[in-house]
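Okay, thanks for coming, everyone. I'd like to walk you through a structure today, so let me put it up on the screen.

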Amino acid sequence: MQNSVAMFDLFSSIPFAPLAELEVGQHFYWHIGNFKVHGQVFLASWVVLGLLIVTCILATRNIQRVPSGLQNFMEYALEFIRDLTKTQVGEKEYRAWVPLIGTLFLFIFMSNWGGALIPWKLVELPSGELAAPTNDINTTVALALITSVAYFYAGLSRKGLGYFADYAQPTPIMVPFKIIEDFTKPLSLSFRLFGNILADELVVAVLVFLVPLFVPIPLMILGLFTSAIQALIFATLAASYIGEAMEDHHGEHHD
Amino acid sequence: MDPTIAAASVLAAALAVGLGAIGPGIGQGNAAGQAVEGIARQPEAEGKIRGTLLLSLAFMEALTIYGLVVALVLLFANPFAS
């Protein structure tokens, strides 16, 4: 870690750019039992969860037949998530998966945007810094593993152990590839999200360090755009893995 | 840290991002070109084409991001710097 510390010194030793401190690899550790956990991620995700819960409660507190305002917006969001799930999982079984896909999408979306839009720098931590929860690899790996468990559950509950017979479906040569795929799916899901969010924050931080005013704004907007797309991609992929696991290979072909 | 390992890590980080950007760059260019062609041929399908294009661009971008993750690991959490 010696070189990283040197890099932080470089960034923070310039008095004109106090906002440009980069603290990759430094964490605010909490000790719970034998585990060291990244406290800043917990704090940030609690804020995100709180925001989501409060918004949902406010939107559903006084439900009208003709929606307006916040309720209207949340109904739009729900419809969006439902459509996404329906196109990926399929018309028949999609209903049961809407809560999971919706949770993944909303949590990732709010984390990404919250990391960029909430002024976390106002809160001083002893070490590390508050940022989007998704720019910590542990969060994204957890989300990806939830997705893995979900699609295994989907396949196994639908087809029983016959799910694994589908591994040899077109030809038995596919079996090792399918097994490898089970590992690469969560790996690529988690790395994609983590890398994109961290890259956004790094690009903005480096540009703020070079030119503190105005110039980073277009890239911040681009960052908001990519983080929204990443949330969409994660949810879409999770839904399509689930749909793929439940797909019937033996039955008649359907589109 | 051993200066050789430091130099190798920095070089490897640069190569990881630089080489990793080539393929997705070509791929994204292809995809965008085909999308423009599609829109020119059938302007009413623009919305659908744009949605699909953005999604696939993000997939290709992820490939470079993998290189970036490797580069960041080498720079900030180098496993060989004991």
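I'll start with the overall layout, then go through some helices, the core, the contact between the chains and a few single residues.

One thing up front: this is a predicted model.

Let's begin with chain A. There are eight helices and two strands in chain A. Going from the N terminus, you meet them in the order α-β-β-α-α-α-α-α-α-α. Of the 255 residues in chain A, 28% are buried. And if you take the contacts in chain A with a separation of 6 or more, 67% of them are between residues 24 or more positions apart.

Now to the helices, and I'll take α4 of chain A, residues 98-117. How far apart are the end C-alpha atoms of α4(A)? They are 27 Å apart, which agrees with the 28 Å that its 20 residues should span at 1.5 Å a residue. There's a run of buried residues in α4(A), from A:Leu104 through A:Leu106, A:Phe107, A:Ile108, A:Phe109, A:Met110 and A:Ser111 to A:Asn112, with A:Phe105 among them too. A:Ile101, A:Gly114 and A:Gly115 are also buried there. What covers them? Among the elements doing that are α2, α3, α5, α7 and α8 of chain A.

α4(A) also packs against α3(A), with the axes 9 Å apart and an angle of about 120 degrees. That crossing is right-handed. On the α3(A) side, the contact uses A:Ile81, A:Arg82, A:Leu84 and A:Thr85, and on the α4(A) side you have A:Val98, A:Ile101, A:Gly102 and A:Phe105. Sort the residues of that contact by class and you get five nonpolar, two polar and one charged.

Next along is α5(A), residues 137-159. With 23 residues, α5(A) reaches 33 Å from first C-alpha to last, close to the 33 Å expected at 1.5 Å a residue. Its buried residues are A:Thr139, A:Thr140, A:Leu143, A:Ala144, A:Thr147, A:Tyr151, A:Ala154 and A:Gly155. Keep that list in mind for a second. In an α-helix there are 3.6 residues a turn, so residues three or four places apart point the same way. The cover over the buried residues of α5(A) includes α2, α4, α6, α7 and α8 of chain A. Right after α5(A) comes A:Gly160, with a positive phi near 65 degrees.

On to the core. The largest nonpolar core has 51 residues, and A:Phe234 and A:Ile242 have the most contacts inside it. Chain A supplies at least two residues from each of α2, α3, α4, α5, α7 and α8, and so do α1 and α2 of chain B. Which helix gives the largest share of this core? That's α8(A), with eleven residues. If you zoom in on A:Phe234, you'll find it touching A:Leu104, A:Ile108, A:Leu189 and A:Leu193, leaving out residues up to four places away in sequence.

What about the two chains meeting? Here 16 residues of chain A are in contact with 16 residues of chain B. On the chain A side, the elements giving two or more residues are α1, α7 and α8. α7(A) gives the most, seven residues. By class, that side has eight nonpolar, seven polar and one charged residues.

Last, a few single residues. Most residues other than glycine have a negative phi. A:Phe214 goes the other way, with a positive phi near 60 degrees. You'll find A:Phe214 in the loop between α7 and α8 of chain A. Is A:Phe214 buried or exposed? It's exposed, because just 7 other C-beta atoms lie within 10 Å, and buried would take 20 or more.

Then there's A:Val175, in helix α7 of chain A. With 13 other C-beta atoms within 10 Å, A:Val175 is partly exposed. Setting aside neighbours within four places in sequence, A:Val175 is in contact with A:Tyr167 and A:Ala168. Its C-alpha is 9.2 Å from that of A:Phe164, eleven residues away along the chain. A:Ala165 is ten residues from A:Val175 in sequence, and their C-alpha atoms are separated by 9.3 Å. A:Ala165 itself is in helix α6 of chain A and counts as exposed, because it has 12 C-beta neighbours inside 10 Å.

That's the tour, and I'm happy to go back to any part of it.

Terms used: Residues numbered from 1 in each chain as written. Chains lettered and ligands numbered in written order. Predicted model: local features only at pLDDT ≥ 70, side-chain atom pairs only at ≥ 80, totals over all residues. Helix = DSSP H or I, 4+ residues; strand = E, 2+ residues; numbered from the N terminus. Expected span 1.5 Å × (residues − 1). Contact = placed C-beta atoms within 7 Å. Core = buried A, V, L, I, M, F, W, Y, C linked by C-beta atoms within 7 Å. Nonpolar A, V, L, I, M, F, W, Y, C, P; charged D, E, K, R; others polar. Axes fitted to C-alpha atoms, helices over the stretch in contact; angles between N-to-C directions. Left-handed = near helix turned anticlockwise from the far one by under 90°.
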